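Colleague: I'm new to reading structures, and I'd like to learn what to look for. Please take me through this one, feature by feature.

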Amino acid sequence: MITAPLLLEVQDLVTRYPVPRGIVGALARRPKEVAHAVEGVSFTVGAGEMLALVGESGCGKTTTAQTVMRLVDPVSGTVRFRGEDITHLRHRELRPLRRRMQLIYQDPYDSLDPRFRVRQTVEEPLLVHHLGSSHERSERVTRALERAGLAPADLFLDRFPHELSGGQRQRVAIATALVLEPELLVADEPVSMLDVSVRAEILTLLDSLRRSGLGILMITHDLSTAARFADRIAVMYLGRIVEEGPAQAVVQDPRHPYTRALITVVPKRDPRDRTTPEILKGEAPNPVHVPTGCRFHPRCPEVASGRARERGMEERCRGEDPMLRELAAGHEAACHLA
Amino acid sequence: MNGSGPLLEVQGLHVWFDLAGGRELHAVQGIDFDLGPGERMGLVGESGCGKTTAILAIMGLLPPSASAAGHVLLNGMDMYEAGEDSVRPHRWRDIAMVFQGAMNAFNPVRRIVDQIVEPMELHEIAEGRAARVRAGDLLELVGISARQASRYPHEFSGGMRQRAAIAMALACGPKVLLADEPTTALDVMIQAQVLELLTGLTRELGLSLILVTHDLPIVAQTCDRAAVMYAGKIVESGPTEDLFHTPRHPYTRLLFSATPDLYGRGEVISIPGTPPRLDREVLGCAFAPRCDMAFEPCPSVVPRTLPVAPGHGARCHLNDPAMRSAS
Ligand SMILES: Nc1ncnc2c1ncn2[C@@H]1O[C@H](COP(=O)(O)OP(=O)(O)O)[C@@H](O)[C@H]1O
Ligand SMILES: [Mg+2]
């Protein structure tokens, strides 16, 4: 049996950033430091599938997305698109690929040029890629706008960004990505800047695009959104995926203590669902100094409460870096105690 | 103190902004509520519905282009009638606020401790060494080590700056705290820390809290009571449980259905359309054009607030038998 290659396959991706030492550090010849933004991340996104990458800020979500989009170069690992290894393609070779994978930014206010009418904004990528005659371009612009839910397109073509609501602006940004007819969308916090009443419509739009066959990698810090709209959820902590599985399984039956803590702190819609939040102390730790052993152990409630010790596992938690293990069908966690 | 009554009473509060060309924007259109000691009330609604303007008006900190009318009573004293000279000693001492985006509003070149000490000295709560000790205590109260007091804002993370902003608002020992979107830019874990802090302050210091947010689940988890604002008016208010389980205004119901639930229950449905402009007079119910249950009187008759259950009121014709039978 021949199966079509997966849309996106990411394997053991590692991306690091040099950390500026500052003048004092450089003069003192302090060793150069690096931020371990992404430390061995693997996942796949199929056509018609939405994967949500969830985690606190600084855990490496955006770097993962940027590496996948080849906006940042990885130290090691591979990114495959439709089976083709694109990790080391050069700029010119990347060009045709850029059309097939598109990024949607967080802030629809930043991503649209205020001087451009909707028509120009959405047409721009076609001009950059020298696609179509003027007539074809205008047809594609109309089609993209209507696919993004701005129908009839005539009503919007000549407007400027300031003449649009926040939701309409994000739809224009999505149309700008759709006009190249990509196969993969990478959406980095696509609704976090939008008003509640508008979020649902943008998420529903992404959901319908997924149903029409697009693969979507959605980055979000909001587990509720991920739970409702994604097929699968990958929870990131300090540059690693610590749990991955079907969205409902991850939310209903979380296996990693970090995921469990995250779930308790997500505010629930129903006041009767109040739970005592399991609040982890401190901020998400610094990717420059990754703890030894399990990277989560300094904040882990299992270690802090002594449960890890009772089970005779504390040494391992402190000393041995856990790998992802499959615990149920398609559901993995990287925890010695799971 | 006048003992048992509410700490803060707001009656018929209106705010207008002067716009260019002699036009006016009616940002707050007659709101009423009161707040008892130790109570936590949520003020929710889409952006632009007037939440920030309302609490700035309560604090008496509106910009010069704004004018306000109505009554704001703090411990029974009518702050609008008393005039600025009488109100000034009470601001920050009896009622304080955490501004929207406060964590980004620290002066970058001054140490955190100095910025917390400033209001204390201004209001003659404490000065010099005593004030610095108190600032350290306040930082400890919000979960920041007093040893970090002499750091600069950029040396703090966002979550720490937000907590420092809360410490600053508490500097003069207020009884009422108004917190405007205090967790909006924060991660869930840090958000949980800040919400736990605010809840703890109401329990331990007996502080009364108004939590302003566009995020309903935050209110559902933190507040006993909430007021839902739309286009400058409170359209529904009551116990948070009632608002979720038995909403009596379609806007409240739709806001909840537009919010994804962690356990994936129920469809997530957006609310079509946008709120009306507030620089024009709105006829009838401001929500009618977006409402899925609008009927005959809605576009033309302004609904009144009617009680629907104990402590629960809504501004919707659906609750008015006279309107329903007439149409
Ligand atoms: N300084 C101002 N001048 C003119 N209009 C203002 C000013 N501040 C707020 N507004 C308007 O008042 C209305 C309410 O705004 P705001 O109180 O900020 O709402 P919210 O806090 O609920 O987002 C909006 O229509 C807004 O545009
Ligand atoms: Mg506001």
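Modeller: Let's begin with how the pieces get their names: helices (H or I, at least four residues) and strands (E, at least two) are DSSP runs, numbered from the N terminus. What you see is a predicted model, in which local features need pLDDT of at least 70 and side-chain atom pairs count only at pLDDT 80 or more, while totals for chains, interfaces and linings use all residues; side-chain values use heavy atoms, with hydrogens and water left out. Residues are numbered from 1 along each chain as its sequence is written, with chains lettered from A and ligands numbered from 1 in the order in which they are written.

Colleague: Okay, let's try one residue. Where is B:His249 found?

Modeller: Look at chain B, in the loop between α9 (240-245) and α10 (250-257).

Colleague: And is B:His249 buried or exposed?

Modeller: The idea is to ask how much of a residue's surface a 1.4 Å probe can reach, counting protein chains only: under 20% relative accessible area is buried, over 50% is exposed, and in between is partly exposed. B:His249 has just 3%, so it is buried.

Colleague: Which residues does B:His249 touch?

Modeller: Touching, or contact, means heavy atoms within 4.5 Å. Leaving out residues up to four places away in sequence, B:His249 touches B:Val235, B:Glu236, B:Phe287, B:Ala314, B:Arg315 and B:Cys316. Then look for polar contacts: pairs of N or O atoms within 3.5 Å, where within protein one must be able to donate a hydrogen and the other to accept it, and residues adjacent in sequence count only if both atoms are side-chain atoms. The side chain of B:His249 reaches the backbone nitrogen of B:Tyr251 at 3.0 Å, and a polar atom of that side chain lies 3.2 Å from the backbone oxygen of B:Arg315.

Colleague: Now a greasier one. What does B:Ile58 touch?

Modeller: First find B:Ile58 in helix α1 of chain B. With a relative accessible area of 1%, B:Ile58 is buried. Again skipping residues up to four places away, its contacts include B:Leu8, B:Phe33, B:Val72, B:Met79 and B:Leu178.

Colleague: There's a metal too. Which protein donors does the magnesium ion (ligand 2) have?

Modeller: Donors are N, O and S atoms within 2.8 Å of the metal (3.2 Å for Na, K and Ca), and because water is not among the atoms, sites may look incomplete. Here the protein donors are B:Thr52 (OG1) and B:Gln100 (OE1), lying 2.0 to 2.4 Å from the ion. B:Thr52 sits in helix α1 (residues 51-59) and B:Gln100 in the loop between β6 (95-98) and α4 (112-122) of chain B, so the pair ties together parts 48 residues apart in sequence. Both are partly exposed: B:Thr52 at 27%, B:Gln100 at 46%.

Colleague: Next, charges. How many salt bridges are there over all chains?

Modeller: You count one when a side-chain nitrogen of Lys or Arg is within 4 Å of a carboxyl oxygen of Asp or Glu. A search of the whole structure finds 38. One of them joins A:Arg240 and A:Asp321 (3.1 Å, N to O). That pair links distant parts of the chain, 81 residues apart: A:Arg240 is in strand β10 (residues 240-246), and A:Asp321 is in the loop between α14 (314-319) and β11 (325-328) of chain A. A:Arg240 is buried at 16%, whereas A:Asp321 is partly exposed at 28%. There's a network as well, linking A:Asp207, A:Arg210, A:Arg211 and A:Asp231.

Colleague: Last stop, the interface. How much area do chain A and chain B bury between them?

Modeller: Buried area is the accessible area (1.4 Å probe) that two parts lose on being put together, summed over both. For chain A and chain B that is about 3,900 Å², 56% of it on carbon and sulfur atoms. The contact takes 42 residues from chain A and 46 residues from chain B. Three salt bridges cross this interface, and B:Glu267 pairs with A:Arg228 in a salt bridge whose closest N and O atoms are 3.1 Å apart. On the side of chain A that touches chain B, α8 (196-211), α9 (223-229), α10 (247-252) and α11 (257-265) each supply at least two residues.

Colleague: How many of the residues of α11(A) are buried?

Modeller: Seven of its nine, which leaves this helix mostly covered. The cover includes α9, β10 and α10 of chain A together with α7 (188-205) of chain B.
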